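Please look over the sequence and the model shown here before reading the notes, and keep them in view as you go through the points one by one.

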Amino acid sequence: MPTDAPIPPDEHAPPGEHAPPDEHAPADEQPRGISRKGFIVAAGLGALTLPAAVSGAPAEARVGRPRLAPTPMCDDGDDPTPPQMEGPYFKPGSPQRSSIVTPGMPGTPLTVTGIVYSLSCRPVNRALLDFWQADNYGNYDNYGYRLRGHQYTDTMGRFSLTTIVPGLYPGRTRHIHVKVQAPYQRILTTQLYFPNEPRNSSDMLFDPELLMDVRTGPTGRAATFDFVLRVP
């Protein structure tokens, strides 16, 4: 992949021709602290209780109020998302879309949602995610863009992908490929995996840190996964 200037945050092109190199450098050790989930819950409770407390207090009582502590570092499971190999089937130039299925495509419906975070546990706005995967029979579309597409996170760092559960092919367990890039930052190339798959134990690339949380419902499966990028 060429290593020209990074992608601007509003350019509608997936990682590829103008993207910086994939991020494979080891992550710096981060100080331990509250988990991302714990921080969000605590912050939400603070936002709910602070206005009432402040509005009911006289101005003199509010003078000298201590500053809030800095946002804690992601930790206890919220380390940077590990990279994995790109594989032979990546194609630059995928269309921008959140649904990569076509009408009548066979397979179990799957929705993947999550949030892209920075190392400081802040959601990354306009992060680019480029997904590609095998179809229900384990085949990749190397001529067109079936089951390929890129999208951008919203202001809260959220993304949502509509797809199908990928099929199996020799030597691999079920997985979805993805490239994730914060604006003007390095690309994370990695893969997402499904829990309780028989081939997870024999796939040489399988990484349990990349397991999605997958639930089965009446109309298909729903998965969640949050990315933590090695950006401030």
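The briefing below takes up confidence, then one strand and its partner, and then one loop residue.

This is a predicted model, and the chain averages a pLDDT of 79, with 66% of the residues scoring at least 70. Two stretches fall below 50 in pLDDT, namely residues 1–12 and residues 24–73.

**Confidence along the chain**
- Over residues 1–12, where the pLDDT is below 50, the model has 44 contacts beyond near neighbours in sequence.
- Residues 24–73 also have a pLDDT below 50, and this stretch has 43 contacts in the model beyond near neighbours in sequence.

**Strand β3 and its partner**
- Strand β3, which covers residues 148–152, is largely enclosed by the rest of the structure, because five of its five residues are buried.
- From β3, the residues Arg-148, His-150 and Tyr-152 point one way, while Gly-149 and Gln-151 point the other way, and all are buried.
- Strand β2, made of residues 128–132, runs antiparallel to β3 and is joined to β3 by five bridges.
- Within this pairing, Phe-131 stands opposite Gly-149 in β3.

**Thr-173 in its loop**
- Thr-173 lies in the loop between β4 (158–164) and β5 (175–181).
- Thr-173 counts as buried because its relative accessibility is 1%, and the cut-off for buried is under 20%.
- The side chain of Thr-173 makes a polar contact of 2.8 Å with the side chain of Asn-200.
- Leaving aside neighbours within four places in sequence, Thr-173 is in contact with Asn-200 and also with Leu-168, Tyr-193, Glu-197, Arg-199 and Asp-203.

Terms used. Residues numbered from 1 in each chain as written. Predicted model: local features only at pLDDT ≥ 70, side-chain atom pairs only at ≥ 80, totals over all residues. Heavy atoms only, no water. pLDDT = per-residue confidence, 0-100. Contact = heavy atoms within 4.5 Å. Buried < 20%, exposed > 50% of the residue type's maximum accessible area, 1.4 Å probe, protein only. Helix = DSSP H or I, 4+ residues; strand = E, 2+ residues; numbered from the N terminus. Pairing = 2+ DSSP bridges. Polar contact = N/O pair within 3.5 Å; in protein donor to acceptor, adjacent residues only side chain to side chain.
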